[in-house]
Structures are given as C-alpha cells and as structure tokens.
Amino acid sequence: KQDTEMQESVEDPVVLNIYQLEAPEPDANAEQQQSSVGRGVASFFSRILPRAGLGAYHTSLDVNGYCYTFGVGGIGKSTITNKSTHVPPNGTFQESITLGSLSDDIVSSGGSGGNGTISSRINECIKRLRESTFTPTSYHLLNRNCNHFTETLALALMTNYRNLVSEKSEATMSIDAYPRYINRLARSGTAVMNHGDVCDVRKEAKTAAGLDGKLSWDFTDIDTNTGAGRTSSSKFMSKKNEEAKKTQKKELTEKQKKLLANLGKK
C-alpha cells in the first residue's frame with residue numbers, strides 16, 4: 001500500500017518488480033541426463049548458495065504503462081496488467097519498488113529521441129539495447145541477466161544525459177533505490193569465475209540513451225547549480241550553433257590581430 005501511494009505521488013514513475021526464485025524441484029529423468037558439471041552447478045545454486053544468504057531474484061521494470069524484462073530469447077514487453085507473462089514458473093512475487101521518475105530528457109522533447117513522444121524515446125532505448133548487448137542470444141545467468149537489464153534501463157531512463165556522459169560521475173553513478181542484494185549472486189559468481197562478457201551497467205546505459213561518443217559539453221541549458229538530477233532541458237548542441245561559435249571565435253581573433261598591428265605601428 002505504501003509503495004502504491006508513492007507511485008501515485010511520483011510523476012512518470014519507474015517501478016521495479018521483484019520476484020524471489022525458488023530452487024526448482026529435482027527431475028529424476030533430467031538429472032540422469034545431466035553431466036557431472038551440470039549437476040554440480042545445479043547443486044551449487046539450489047543448495048549451497050541459499051544457505052549462505054545469496055538468494056536468486058527475477059526483476060522487471062514498469063514504465064509508461066508497460067512492463068519490460070529480459071531473459072532467454074531477449075527483451076520482453078507486456079502491458080502492466082499482463083506482466084506475470086514473463087515471470088519464471090519458480091518465481092514468487094516479493095514487492096514492487098518505485099525507483100523514481102523519468103528524466104526530463106525522456107519526458108521533454110530535448111533528448112536524443114528528437115521531438116517524439118515519451119513512448120518513442122523509451123522504444124529507442126529498448127531498440128538500442130536489443131541491437132547491442134541485450135540481444136536474443138546474449139542472456140547469461142551470471143554475466144547478463146534480467147537484473148542487469150532492469151538496472152541498465154532504469155539508469156538510462158532516470159538519469160539526465162549530461163550526468164550519463166560525465167566522467168566525474170561515471171565511477172559512482174547508480175540508482176540509490178535499486179536494491180544491491182538483488183544481483184549479489186551474479187556479482188559474487190563473476191568475481192569468482194571472472195569469465196565472459198560481464199554487463200557494464202553504466203556504459204550500457206549510455207548506449208541505451210544514444211550517448212556513445214558524447215561528452216558533457218555537448219549539452220546546453222543545464223542546471224549548473226546542482227549539476228545532477230532532473231534538468232530543465234538537456235538539448236544537444238546543433239551543428240549550426242557549433243559552426244556559429246567557431247566563426248565568431250575566428251572573427252574575434254582577426255580583430256585582435258588588427259588591433260595589435262595598429263598598436264605596433266604607433
């Protein structure tokens with residue numbers, strides 16, 4: 001009830017749905033067909049880790065009337081009323097958390113999505129992720145799972161673009177409301193195994209927002225007092241403006257040269 005009230009009070013909310021994953025019931029036939037390595041991995045995840053306090057979780061993200069998640073087969077989308085469609089059979093609903101609001105770059109028409117609607121800008125983010133790192137074949141239990149996806153998408157949708165490209169904030173950029181325990185199992189696994197292409201949430205959030213190669217000074221009209229959070233507008237500088245600035249700088253330099261030349265004659 002408390003979170004429902006919070007969703008109603010937050011404009012353009014981004015909501016994280018959390019499901020606890022129980023160890024699947026053992027299948028005698030499947031167990032016989034598994035390799036010894038496969039049985040060892042299954043035992044590790046279903047028996048040893050829960051005792052160590054490393055639970056397994058599935059997450060999805062509610063935003064702008066739709067629910068997004070990631071699994072084997074790629075990114076899934078459904079209406080919020082039908083979001084149980086993508087929940088694993090062994091998943092039990094735990095809670096929904098309002099992470100915050102969409103950034104002004106998504107809500108307004110000033111972001112990389114051009115002058116389209118909020119839906120079109122969100123769809124562009126999803127498309128970039130689907131075509132780059134969260135592809136139909138890239139799912140991995142430890143390196144790239146549903147929790148990596150929801151955190152990446154939330155970061156891309158909730159953070160203003162100047163902060164996403166800022167070198168100063170890159171090392172510490174995160175969503176405070178996103179629970180750290182959710183993907184602890186995967187982080188622990190990759191720390192031990194150190195194998196494969198592990199999701200870089202911050203870097204891939206930039207890709208989702210279409211900001212690869214962009215720098216903080218590529219933006220105008222930024223709230224310089226705060227330097228963080230939502231901004232009034234975060235528009236890309238147009239090539240026309242850049243060319244005008246370069247021309248202005250050239251003219252100023254020529255004037256300075258003439259002035260110096262006149263002073264030299266005197």
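Me: Why is serine 132 called partly exposed?
Reply: Its relative accessible area is 33%. Buried means under 20%, and exposed means over 50%. The value 33% falls in between, so serine 132 is partly exposed. This is a predicted model, so the value is computed from predicted atoms.

Me: Where is serine 132, and how far is it from threonine 207?
Reply: Serine 132 sits in helix H5. In sequence, serine 132 and threonine 207 are 75 residues apart. In space, their C-alpha atoms are 8.2 Å apart.

Me: What makes H5 oblique to H10?
Reply: The two helices pack at an angle of about 120 degrees, with axes 8 Å apart. Roughly perpendicular ends at 115, and roughly antiparallel starts over 145. An angle of about 120 degrees fits neither class, so H5 is oblique to H10.

Me: Which residues make the contact of H5 with H10?
Reply: From H5 come Glu124, Cys125, Arg128, Leu129 and Ser132. From H10 come Glu204, Thr207 and Ala208. By class, the contact has three nonpolar, two polar and three charged residues.

Me: What makes H6 oblique to H10?
Reply: H6 and H10 pack at an angle of about 55 degrees, and their axes are 8 Å apart. Roughly parallel needs an angle under 35 degrees, and roughly perpendicular begins at 65. About 55 degrees lies outside both, so H6 is oblique to H10. The crossing of H6 and H10 is right-handed.

Me: Which residues of H6 and H10 meet?
Reply: H6 brings His148, Glu151, Thr152, Leu155 and Ala156. H10 brings Val201, Arg202, Glu204, Ala205 and Ala208. The residues of this contact divide into five nonpolar, two polar and three charged.

Me: How do you know that H10 is largely enclosed by the rest of the structure?
Reply: Count its buried residues. Six of the eight residues of H10 are buried, so the helix is largely enclosed. They are Val201, Glu204, Ala205, Lys206, Thr207 and Ala208. These buried residues pack against helix H5 (118–132), helix H6 (146–158) and helix H7 (161–165).

Me: Why does lysine 206 count as buried?
Reply: Its relative accessibility is 16%. The cut-off for buried is under 20%, so lysine 206 counts as buried. Lysine 206 lies in helix H10, which covers residues 201–208. Leaving aside residues up to four places away in sequence, lysine 206 touches Leu164, Val165, Leu211 and Asp212.

Me: What phi does glycine 210 take, just after H10?
Reply: Glycine 210 has a positive phi of about 75 degrees.

Me: Why is the pair of arginine 128 and glutamate 124 called a salt bridge?
Reply: Their closest N and O atoms are 3.9 Å apart. The limit is within 4 Å, so the pair counts as a salt bridge. Both residues are in helix H5, four residues apart, which means about one helical turn separates them. An α-helix has 3.6 residues a turn, so residues three or four places apart point the same way.

Me: Is glutamate 124 buried or partly exposed?
Reply: Glutamate 124 counts as partly exposed, because its relative accessibility is 32%.

Me: What makes glutamate 204 and arginine 144 a salt bridge?
Reply: The closest N and O atoms are 2.6 Å apart. That is within 4 Å, so the salt bridge follows. Glutamate 204 lies in helix H10 and arginine 144 in the loop between H5 and H6, so the pair ties together parts 60 residues apart in sequence. Both glutamate 204 and arginine 144 are buried.

Me: How do you know that arginine 180 and glutamate 151 form a salt bridge?
Reply: Their closest N and O atoms are 3.2 Å apart. Again the value is within 4 Å, so the pair qualifies. Arginine 180 lies in the loop between helix H8 (167–170) and helix H9 (184–193), and glutamate 151 in helix H6, so the pair ties together parts 29 residues apart in sequence. Arginine 180 is partly exposed, because its relative accessible area is 38%. Glutamate 151 counts as buried, because its relative accessibility is 12%.

Me: Which residues do salt bridges that share partners join into one network?
Reply: Arg144, Asp197 and Glu204. A search of the whole structure finds five salt bridges.

Me: How many helices and strands does the chain have?
Reply: The chain has eleven helices and seven strands. Of its 266 residues, 37% are buried.

Methods:
Residues numbered from 1 in each chain as written. Predicted model: local features only at pLDDT ≥ 70, side-chain atom pairs only at ≥ 80, totals over all residues. Heavy atoms only, no water. Buried < 20%, exposed > 50% of the residue type's maximum accessible area, 1.4 Å probe, protein only. Contact = heavy atoms within 4.5 Å. Axes fitted to C-alpha atoms, helices over the stretch in contact; angles between N-to-C directions. Left-handed = near helix turned anticlockwise from the far one by under 90°. Nonpolar A, V, L, I, M, F, W, Y, C, P; charged D, E, K, R; others polar. Salt bridge = Lys/Arg side-chain N within 4 Å of Asp/Glu carboxyl O.
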